[in-house]
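Please take a moment to look over the sequence and the 3D structure shown below. The paragraphs after them lead a new reader through the main elements, one region at a time.

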Amino acid sequence: MKKFLIVGLGNIGSEYVNTRHNIGFKILDYISNQESCSFQTAKLGDIAELKIKGRTLLLLKPNTYMNLSGKAVKYWMEKENIAKENILIITDDLNLSFGTIRIKSKGSDGGHNGLKNIQLLLNTSEYPRFRFGISDVFKKGQQVNYVLGEWSDEEKEKLKERLEISSEIVKSFALAGLNNTMNLFNGK
């Protein structure tokens, strides 16, 4: 059975639950609710197992806080013997307008501390990532407050549809592959 590690980046703690920075956790929570699989606390994170059409998707929410996400990613890749081509890192992106989706096979960390740490510990920037746009509508010097701030009412309303598309992206990645998923969903 082919295994995939789907990693949603975020921060643990109730104060972060509905923040923009936690979109990775929010997408995985949406999928687990949709598919009736539950998270269990394990080493370096909460993990849920989802089986779809002969594939096993391990959904991981690292409990290392965003800036040390690579530690959890590396541990679970090695423990479950999952190749880097079969991991998908879900993260927020300030450089994309709200809800815009970018799926790539590799790339820079774009200034994102979670991706920086993953790149450092995996010793490569070549791993699939799914960037979810949170936009950059904040005043100079307010970036931290913005990413750690909660969604606006307008964003919350639009988020429902974006979470459904995000769920489809994760399943497509495992079932149809990265290239097909990029062709189907980039820019949607």
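**The sheet and what packs against it**

In this predicted model, 7 strands form an open sheet with mixed pairing, and their order across the sheet is 2-3-4-1-5-7-6. The edges are strand 2 and strand 6 (101-104), each of which pairs on one side only. Averaged over the sheet and ignoring direction, neighbouring strands are turned by 25° against each other. As background, the strands of a sheet pair through backbone hydrogen bonds, in either a parallel or an antiparallel sense.

Starting from the edge at strand 2, the reader finds that strand 2 and strand 3 pair in the antiparallel sense over 3 bridges, and that Ala42 has Gly45 in strand 3 as its bridge partner. Strand 3 also runs antiparallel to strand 4, to which 8 bridges join it, and in this pairing Ile47 stands opposite Leu60 of strand 4. Strand 3 and strand 4 form a hairpin with 2 residues between them, and Lys53 in the turn has a positive phi of about 45°.

Strand 4 pairs with strand 1 as well, this time in the parallel sense and over 6 bridges, with Leu58 in strand 4 as the bridge partner of Leu5. Strand 4 is mostly covered, since 7 of its 8 residues are buried.

From here the path leads to strand 5, where Leu88 is found. Is Leu88 buried or exposed? With a relative accessibility of 0%, Leu88 counts as buried. Leaving aside residues up to four places away in sequence, Leu88 touches Leu5, Ile6, Val7, Pro128, Arg129, Phe130, Val170 and Phe173. Leu88 and Phe4 are 84 residues apart in sequence, yet their C-alpha atoms are 7.9 Å apart in space.

Helix 2 can be read against this background. At 1.5 Å a residue, the 12 residues of helix 2 (residues 69-80) should span 16 Å, and the end C-alpha atoms are 17 Å apart, which agrees. Which residues of helix 2 are buried? They are Ser69, Gly70, Ala72, Val73, Trp76, Met77 and Glu80. Seen down the axis of helix 2, these buried residues fall within an arc of 165°, so they line one face of the helix. The face turned away from this buried side carries the exposed residues Lys71 and Glu78. The buried residues of helix 2 pack against several elements, including strand 1 (2-8), strand 3 (45-52), strand 4 (55-62) and helix 3 (113-122). After helix 2 comes Asn81, which has a positive phi near 55°.

The aromatic rings offer a last route through the model, for a search of the whole structure finds 5 aromatic pairs. One of these joins Tyr75 and Trp76 in an edge-to-face arrangement, 5.4 Å centre to centre and with 90° between the planes. Tyr75 is partly exposed, with a relative accessible area of 25%, whereas Trp76 is buried, with a relative accessible area of 6%. The rings of Phe98 and Phe132 have centres 6.1 Å apart and planes at 80°, so this pair is edge-to-face. Because Phe98 lies in the loop between strand 5 and strand 6 and Phe132 in strand 7 (residues 129-133), the pair ties together parts that are 34 residues apart in sequence. Phe132 counts as buried, at 0% relative accessibility, and ring pairs link Phe98, Phe132 and Trp151 into a cluster.

Key. Residues numbered from 1 in each chain as written. Predicted model: local features only at pLDDT ≥ 70, side-chain atom pairs only at ≥ 80, totals over all residues. Heavy atoms only, no water. Helix = DSSP H or I, 4+ residues; strand = E, 2+ residues; numbered from the N terminus. Expected span 1.5 Å × (residues − 1). Buried < 20%, exposed > 50% of the residue type's maximum accessible area, 1.4 Å probe, protein only. Arc of directions from axis to C-beta. Contact = heavy atoms within 4.5 Å. Pairing = 2+ DSSP bridges. Axes fitted to C-alpha atoms, helices over the stretch in contact; angles between N-to-C directions. Phe/Tyr/Trp six-rings, centres within 6.5 Å; stacked < 30°, edge-to-face > 60°.
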